[in-house]
Amino acid sequence: MEHRIAPAKKGEKKKGRSAINEVVTREHTINIHKHIHEAGFKKLAPWAIKEIKKFAMKEVGTPDVHTDIRLNKTVWAKRIRNVPYHILLCLSRKCNKDEDSPNKFYTLVTYVLVTTFKNLQTVNVDEN
């Protein structure tokens with residue numbers, strides 16, 4: 001016997017609160033190699049930075065993404081052609097202090113140094 005959830009009635013809103021309006025920090029492992037394999041070999045590092053920003057935008061849900069200097073140096077460490085296959089990122093949703101910005105939050109993407117990528121999971125990090 002199949003169990004199905006009844007659809008919500010028209011005009012009825014979901015109860016609960018949105019998690020997009022909270023400050024949160026998560027650590028994600030991203031397989032950059034999968035995202036940049038179709039790029040030309042002289043465009044791999046810039047393409048990797050764009051894909052990291054796109055990944056952060058999708059995961060955290062803010063259109064405004066800032067990358068850390070250490071992340072940029074890590075991607076570009078072996079020059080334009082030899083980008084690392086995997087990278088561990090810390091994605092932090094923060095309040096925007098700039099009053100001119102239309103966005104209430106922005107995402108800060110930082111690099112986390114790790115020795116091996118075996119058995120890594122996405123982790124919520126406490127701000128404390």
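Ser92 and Thr25 meet through their side chains in this predicted model, making a polar contact of 3.5 Å. Ser92 sits in strand β3 and is tucked away from solvent, counting as buried at 8% relative accessibility. Leaving aside residues up to four places away in sequence, Ser92 touches Val24, Thr25, Tyr106, Thr107 and Leu108.

Next door in the chain is Arg93, also found in strand β3, which covers residues 86–95. Arg93 counts as buried too, with a relative accessibility of 3%. What lies 2.6 Å from a polar atom of the Arg93 side chain? That would be the backbone oxygen of Glu22. Arg93 and Thr62 are 31 residues apart in sequence, yet their C-alpha atoms are 7.8 Å apart in space.

Now for the sheet itself. It's an open one, built from 5 strands in the order β2-β4-β3-β1-β5, with mixed pairing. β2 (65–67) and β5 (123–124) take the edges; each has a single partner strand, so one side of each is left without a neighbour in the sheet. Strand β1 (residues 24–31) and β5 run antiparallel and are joined by 2 bridges. Along that pairing, Glu27 stands opposite Val123 in β5.

Helix α2 lies across β1, β2, β3 and β4 (105–112), and it runs at about 50° to β3. The helix also carries both partners of a salt bridge: the side chains of Lys54 and Glu51 meet at 3.2 Å, N to O. Side chains of opposite charge can pair when their charged atoms come close. Why does this pair work out along the sequence? Lys54 and Glu51 are 3 residues apart in helix α2 (residues 44–60), which means they are separated by about one helical turn. Glu51 counts as buried because its relative accessibility is 13%, under the 20% cut-off. As for the tally, the structure holds 1 salt bridge.

How many disulfides are there? The structure holds 0. Two of the cysteines can still be placed by exposure: Cys90 is buried at 12% relative accessibility, whereas Cys95 is partly exposed, with a relative accessible area of 40%.

Here are the accessibility values side by side.

| Residue | Relative accessibility | Class |
|---|---|---|
| Arg93 | 3% | buried |
| Ser92 | 8% | buried |
| Cys90 | 12% | buried |
| Glu51 | 13% | buried |
| Cys95 | 40% | partly exposed |

Terms used: Residues numbered from 1 in each chain as written. Predicted model: local features only at pLDDT ≥ 70, side-chain atom pairs only at ≥ 80, totals over all residues. Heavy atoms only, no water. Disulfide = S-S within 2.5 Å. Buried < 20%, exposed > 50% of the residue type's maximum accessible area, 1.4 Å probe, protein only. Salt bridge = Lys/Arg side-chain N within 4 Å of Asp/Glu carboxyl O. Helix = DSSP H or I, 4+ residues; strand = E, 2+ residues; numbered from the N terminus. Polar contact = N/O pair within 3.5 Å; in protein donor to acceptor, adjacent residues only side chain to side chain. Contact = heavy atoms within 4.5 Å. Pairing = 2+ DSSP bridges. Axes fitted to C-alpha atoms, helices over the stretch in contact; angles between N-to-C directions.
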